[in-house]
Amino acid sequence: MATDTATSDFEEHRPVLMGVAYRMLGRVADAEDVVQDAWLRWSTADHAQVREPRAYLVRVTTRLAIDRLRHVQSRRESYVGPWLPEPLVTDFGPTVPDTAERAVLADSVSLAVLVVLESLSPLERAVFVLREAFGFPFSEIAVTLDRGESAVRQLAARARKHVDEKRPRYEVDPDERRDLTERFLAAAAEGDLDGLMSLLAPDVRLVGDSGGKAKAPLRIIETADKVGRFLVGASRKGLAADADVEFRFVELNGAGAVLGLVDGKPDVVFQLDVADGQIKDLYIIRNPDKLAGLAA
C-alpha cells in the first residue's frame with residue numbers, strides 16, 4: 001500500500017504530470033489514463049530509493065505517454081476529417097504566478113501548437129514538451145528517454161525548427177480577441193456575409209473537427225470568400241426553432257474561446273486566431289466525444 005507521504009507526493013506533482021501527458025497526447029481522457037498508470041507504478045515503487053519524486057514521476061509519465069502516443073497515432077490515420085486536440089479548460093491560477101511562465105505554458109498548450117506537434121515523432125514531441133513547456137534540463141531529459149544528451153539536443157533542435165516553421169505566430173490582445181469573437185458570432189448568426197468578410201483575413205483557414213459524428217467540414221476551408229460562404233450557408237440551415245441555444249466565453253487551451261450549448265449540452269467550440277485585427281484561423285470542434293468534458 002502506498003504511504004500517506006507517497007500519496008501526497010503524487011498529488012503535489014499531478015498537475016505537472018497531467019500537463020506533460022496532455023501535451024503529448026492532445027486528449028484529456030488519454031492523459032488521465034496515463035497519469036493513472038503512473039500512479040499505479042508509483043504506488044508499488046520502492047520510495048526509499050527515489051531521491052527526487054518529481055523527476056521520477058515525470059520520467060514514468062513521459063515513457064507511458066510515448067507508448068500510448070504510438071498506439072493512438074495509428075487510430076488517427078483513420079480519423080474522419082481534420083483532427084484537433086480535445087479542448088482543455090486552462091486556469092493556471094496562483095500555481096503559476098509569473099507572467100512569462102504563464103505565457104509559455106499557455107502557448108505550449110494552444111490548439112495551433114498541438115496540431116503542429118502531431119507531425120513530430122513521439123521522441124521529438126517528448127523532448128519539445130519537456131524542454132519548451134516545462135524547462136527540464138537536457139541532462140534530465142536524456143535520463144527520462146534513456147538517450148545520450150547529445151542525441152536529445154539534436155531531437156530538440158529538430159523539433160524546435162519544425163515547430164517554428166509550421167506554427168502561426170500571432171500576438172493577440174485578449175480584449176481584441178473577445179471583441180472580434182463577439183462580432184464574428186453576431187455576423188455568423190445573422191448570415192451577414194459582408195460583415196463576416198470584413199472580419200476574415202484574405203487567407204483565413206477554417207478547421208473543423210467532427211470525427212464524422214456531427215456536421216462540420218471534412219476538409220480545411222481556405223480563403224475569406226469560401227469560409228464566409230460556408231458560415232452563411234451553415235447559419236441558414238440553423239437549429240430547430242425550439243432549441244435552447246447559449247454561448248459562453250471560456251478559456252480553453254490558454255486562450256479565449258466560445259462554448260456553444262444546445263439544450264444545456266455542449267455542442268460546439270469556436271476559437272479564433274487573430275492578427276492585425278482580422279481572423280487568421282478559425283477552429284470549430286463538434287466531435288461530441290471531445291466536448292463531453294466541458295459539460296460542467
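A residue is called buried when its relative accessible area is under 20%, and that cut-off is used throughout this walk through a predicted model. At 15% relative accessibility, F270 falls under the limit and therefore counts as buried. F184 is also buried, because its relative accessible area is 1%.

These two phenylalanines belong together in another way, through their rings. The model holds three aromatic pairs, and among them is one whose ring centres, in F10 and W39, are 5.2 Å apart, with the planes set at 65 degrees, so that this pair is edge-to-face. F10 lies in helix 1, which covers residues 4–25, while W39 lies in helix 2, residues 28–43, and the pair thus links distant parts of the chain, 29 residues apart. With a relative accessibility of 0%, F10 counts as buried. The rings of F184 and F270 form a further pair, in which the centres are 6.0 Å apart and the planes meet at 65 degrees, so this arrangement, too, is edge-to-face. Here the link runs between a helix and a strand, since F184 is found in helix 9 (residues 174–190) and F270 in strand 5 (residues 265–275), with their positions 86 residues apart in the numbering.

Aromatic rings also meet charged groups in this model. The charged end of R131 is placed over the ring of F138, at 4.1 Å from the ring centre. In a second case, the charged end of R178 sits over the ring of F249, and the distance to the centre of that ring is 3.8 Å.

From the rings one may turn to a charged residue in a strand. D209 has its place in strand 1, which spans residues 200–209, and because its relative accessibility is 0%, D209 counts as buried. Which residues does D209 touch, leaving aside those up to four places away in sequence? Its contacts include Y79, P82, W83 and L84, and, from another stretch of the numbering, I284, I285, R286, N287 and K290.

The last stop is a pair of strands. Strand 3 (residues 245–252) and strand 4 (residues 255–262) run antiparallel to each other and are paired over eight bridges. One of the residues taking part is L252, whose bridge partner in strand 4 is A255. The two strands form a hairpin with two residues between them, and in the turn N253 has a positive phi of about 50 degrees. In a regular strand, the side chains alternate between the two faces of the sheet.

How values were computed: Residues are numbered from 1 along each chain as its sequence is written. This is a predicted model: local features need pLDDT of at least 70, side-chain atom pairs count only at pLDDT 80 or more; totals for chains, interfaces and linings use all residues. Side-chain values use heavy atoms; hydrogens and water are left out. Rings of Phe, Tyr and Trp (its six-membered ring) pair if their centres lie within 6.5 Å; planes under 30 degrees apart count as stacked, over 60 as edge-to-face and the rest as tilted. Helices (H or I, at least four residues) and strands (E, at least two) are DSSP runs, numbered from the N terminus. Buried means under 20% relative accessible area, exposed over 50%, partly exposed in between (1.4 Å probe, protein chains only). A charge sits over a ring if NZ of Lys or CZ of Arg is within 6 Å of the ring centre and within 35 degrees of the ring normal. Contact means heavy atoms within 4.5 Å. Two strands pair if DSSP finds at least two bridges between them.
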